[in-house]
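These notebook entries record what I looked up in one structure. I begin with a charge over a ring and then turn to the sheets.

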Amino acid sequence: MEPQLLHTITDSVATVVIHHPAKRNAMTAAMWAALPPLLDDLAAAPEVRALVLTGEGGTFCAGADISTLRGSPEKAQGLAVRAEEALAAFPKPTLAAIRGHCVGGGSQLAAACDLRFAEEGSLFGVTPAKLGIVYPASSTRRLVSLVGPATAKYLLFSGELIDAERALRTGLVDEVLPGDELTKRVAEFSRILVSRSQLTQAAAKEFADGRTDRDTYWTAQARAGSDATEGVTAFLERRQPRFTWTVSG
């Protein structure tokens, strides 16, 4: 099978799989280019309420396929940044399910997700210093927002790998689980995400990303919608709420 991005939609969760096992799921230029339009389609699908990004087999993503950098590293990096930004802008909750190596471009994709769950034994690295590449400002800011400036400098200056436990301590990942529990936990947490109010999630995502200028917009959306009334009613009636506000495509 050619290197590609595979996707499925099950129970309101879209799962995107980085599929290039011959090179530990390294992203080719074509794969970087394919991610933004795929995300656009999934964002517009009303049945999708959350997205999981993962890698084929025992590796999340070992970065960019270095053969695609030869001769035009700036072009390849531009494709990677556009893919990363498209993932960060996805309007519904995103979760990276990480096994094995999450390195270079793989770490960019993971950092662009809202949440990151990792298997014990996973390794993380941000490696542009090994290639003489300037890490993009947007990617650097995103990394700093997750782990703080000291850890971001450690990762960027050295290009060294850190283990899952250190990634958890520094905030790079949110949960670390045994391998036989990761799939179950991701499925369980995805079900939680799709059961919650998309209105709350969409507003919180923008605010957490610094879009405080949208406060008036989200207040108006809350007043015009029925999620708050439904949530309170469901709580009092001791049932699961049926939220109706949806992210518009």
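Entry 1, charges over rings. I first fixed the criterion: a charge sits over a ring if NZ of Lys or CZ of Arg is within 6 Å of the ring centre and within 35 degrees of the ring normal. The model I examined is a predicted one. I looked up Arg214 and found that this residue lies over the face of Tyr217, at 4.1 Å from the ring centre. I also looked up Arg166, whose charged end sits over the ring of Tyr154, 4.3 Å from the centre of that ring.

Entry 2, aromatic pairs. Since Tyr217 had come up, I turned to ring–ring pairs, of which the count is 3. I noted that Tyr217 and Trp218 form one aromatic pair, with 4.9 Å centre to centre and 80 degrees between the planes. This pair is edge-to-face, because planes over 60 degrees apart count as such. I then recorded that Tyr217, Trp218 and Trp245 form one aromatic cluster.

Is Trp218 buried or exposed? I found 7% relative accessibility for Trp218, so this residue counts as buried, the limit being under 20%. Tyr217, at 34% relative accessibility, counts as partly exposed.

Entry 3, the sheet of 6 strands. I traced an open sheet with the strand order E1-E2-E3-E4-E6-E9 and mixed pairing. Which strands stand at its edges? They are E1 and E9 (175–177); each has a single partner strand, so one side of each is left without a neighbour in the sheet. I noted that neighbouring strands of this sheet are turned against each other by 20 degrees on average, direction ignored.

Entry 4, the start of that sheet. I looked up strand E1 (residues 4–10), which runs antiparallel to E2 and is joined to E2 by 7 bridges. Within this pairing, I found Gln4 opposite His19 in E2. The hairpin of E1 and E2 has 2 residues between the strands, and Asp11 takes a positive phi near 50 degrees there. I recorded strand E2 (residues 13–19) as mostly covered, with 6 of its 7 residues buried.

On the pairing with strand E3 (residues 50–55), I found that E2 and E3 are parallel and share 6 bridges. Here Val13 stands opposite Ala50 in E3. I then followed the chain through helix H1 (residues 29–44): E2, H1 and E3 make a β-α-β unit, and the unit is right-handed.

Entry 5, further along that sheet. I looked up strand E4 (residues 94–98) and strand E6 (residues 115–119), which pair in the parallel sense over 4 bridges. The bridge partner of Ile98 in E6 is Ala118. I noted that helix H6 (residues 179–195) packs on the sheet and touches E2, E3, E4, E6 and E9. The direction of H6 makes about 160 degrees with that of E6.

Entry 6, the sheet of 3 strands. I traced an open sheet in the order E5-E7-E8, again with mixed pairing. Strand E5 (101–103) and strand E8 (162–163) are its edge strands, each pairing on one side only. I found that E5 and strand E7 (residues 123–125) are parallel, with 3 bridges between them. One of the opposing residue pairs is Val103 and Gly125 in E7. I closed the entry with helix H3 (residues 105–112), which packs on the sheet, touching E5 and E7. The direction of H3 makes about 90 degrees with that of E5.

Methods. Residues numbered from 1 in each chain as written. Predicted model: local features only at pLDDT ≥ 70, side-chain atom pairs only at ≥ 80, totals over all residues. Heavy atoms only, no water. Buried < 20%, exposed > 50% of the residue type's maximum accessible area, 1.4 Å probe, protein only. Pairing = 2+ DSSP bridges. Right-handed = clockwise from strand over helix to strand, strands pointing away. Phe/Tyr/Trp six-rings, centres within 6.5 Å; stacked < 30°, edge-to-face > 60°. Contact = heavy atoms within 4.5 Å. Axes fitted to C-alpha atoms, helices over the stretch in contact; angles between N-to-C directions.
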